[in-house]
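Trainee: I've just opened this one and I'm new to it. Could you walk me through it, one question at a time?

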Amino acid sequence: MQVYATEKLRLSQEAGVNLIIVTNALGIPIRAPCGYLADRYIGPLNLLIPWVALCGILMFCWAAVHTVAELYIFAVFYGLASAAAMGLFAGTIPSLTKDLDKIGTRVGMSLSMISFGPLTGPSV
């Protein structure tokens with residue numbers, strides 16, 4: 001998002017960083033209610049699926065962003081959806097495991113598999 005803001009919309013580096021801050025800050029208030037709903041009522045996987053679907057839809061909506069105001073609106077909605085999905089991911093794997101002795105192994109294996117994306121992603 002920062003690269004898109006600076007390269008395509010000609011924002012300054014500071015304004016590009018502000019987009020990342022907005023995206024991450026808006027994720028803070030959504031994580032706790034999603035965790036509570038997943039734990040008490042809906043279940044982690046049943047709540048994770050719509051949030052991941054919304055993230056996918058928002059990725060397609062990014063193609064329609066052409067102004068700075070639209071990018072900030074996109075950052076707000078994507079920040080909420082991605083934080084909810086990331087917060088629910090860690091609780092989904094233990095909820096699918098019946099044997100308590102295997103929970104740590106399965107969580108470690110899944111986190112090892114998804115670690116390659118952030119390792120080789122935008123920071124590189």
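Mentor: Happy to, and keep in mind that this is a predicted model. Let's begin with its surface: the protein exposes about 8100 Å². Fire away.

Trainee: What share of that exposed area do carbon and sulfur atoms supply?

Mentor: The total to work from is about 8100 Å². Of that area, the part supplied by carbon and sulfur atoms comes to 70%.

Trainee: How many helices and strands does the protein have?

Mentor: Follow the chain from the N terminus and the elements read α-α-α-α-α-α-α. So every entry in that run is a helix, going by the DSSP runs that define the elements. The tally is seven helices and zero strands.

Trainee: What size of box do the C-alpha atoms fill, and what percentage of the residues is buried?

Mentor: Taken along the principal axes, the box is roughly 55 × 30 × 20 Å. For burial, the cut-off is under 20% relative accessible area. Of the 124 residues, the buried ones make up 28%.

Trainee: Among contacts between residues at least 6 apart in sequence, what percentage joins residues at least 24 apart?

Mentor: Start with the contacts in the protein whose partners are at least 6 apart in sequence. Then keep those joining residues at least 24 apart, and you get 60%.

Trainee: How far apart are the mean positions of the positive and negative charges?

Mentor: There are 7 positive and 6 negative charges to place. Take the mean position of each set, and the two lie apart by 6 Å.

Trainee: Which element gives the most to the nonpolar surface patch?

Mentor: The patch covers about 540 Å² and is made by Leu111, Met113, Ile114, Phe116 and Leu119. Two elements give two or more residues to it: α6 (103-114) and α7 (116-120). With three residues, the top contributor is α6.

Trainee: Is Phe116 buried or exposed?

Mentor: Phe116 sits in helix α7 and is one of the patch residues. Its relative accessibility is 51%, and the cut-off for exposed is over 50%. That is why Phe116 counts as exposed.

Trainee: Which residue other than glycine has a positive phi near 60 degrees?

Mentor: Look in the loop between α1 (2-7) and α2 (13-25). The residue there has 66% relative accessibility, so it counts as exposed. With that positive phi, the one you want is Arg10.

Trainee: Ser12 is in that loop too, so how far is its C-alpha atom from that of Gln2?

Mentor: Ser12 has 37% relative accessibility, so it counts as partly exposed. Along the chain, Ser12 and Gln2 are 10 residues apart. Between their C-alpha atoms, the separation is 9.6 Å.

Trainee: How far is Gly35 from Gly91, C-alpha to C-alpha?

Mentor: Gly35 lies in helix α3 (residues 28-42) and is partly exposed, with a relative accessible area of 32%. Along the chain, Gly35 and Gly91 are 56 residues apart. In space, their C-alpha atoms are separated by 8.4 Å.

Trainee: And how far apart in space are Arg10 and Gly35?

Mentor: In sequence, Arg10 and Gly35 are 25 residues apart. From C-alpha to C-alpha, the distance is 38 Å.

Terms used: Residues numbered from 1 in each chain as written. Predicted model: local features only at pLDDT ≥ 70, side-chain atom pairs only at ≥ 80, totals over all residues. Heavy atoms only, no water. Helix = DSSP H or I, 4+ residues; strand = E, 2+ residues; numbered from the N terminus. Buried < 20%, exposed > 50% of the residue type's maximum accessible area, 1.4 Å probe, protein only. Contact = heavy atoms within 4.5 Å. Areas by Shrake-Rupley, 256 points an atom, 1.4 Å probe, with all protein chains shown as cover. Lys, Arg positive; Asp, Glu negative; His and termini not counted. Charge placed at Lys NZ, Arg CZ, Asp CG, Glu CD. Patch = residues over 30% accessible without salt bridge, like charges linked within 9 Å, V, L, I, M, F, W, Y side chains within 5 Å. Salt bridge = Lys/Arg side-chain N within 4 Å of Asp/Glu carboxyl O.
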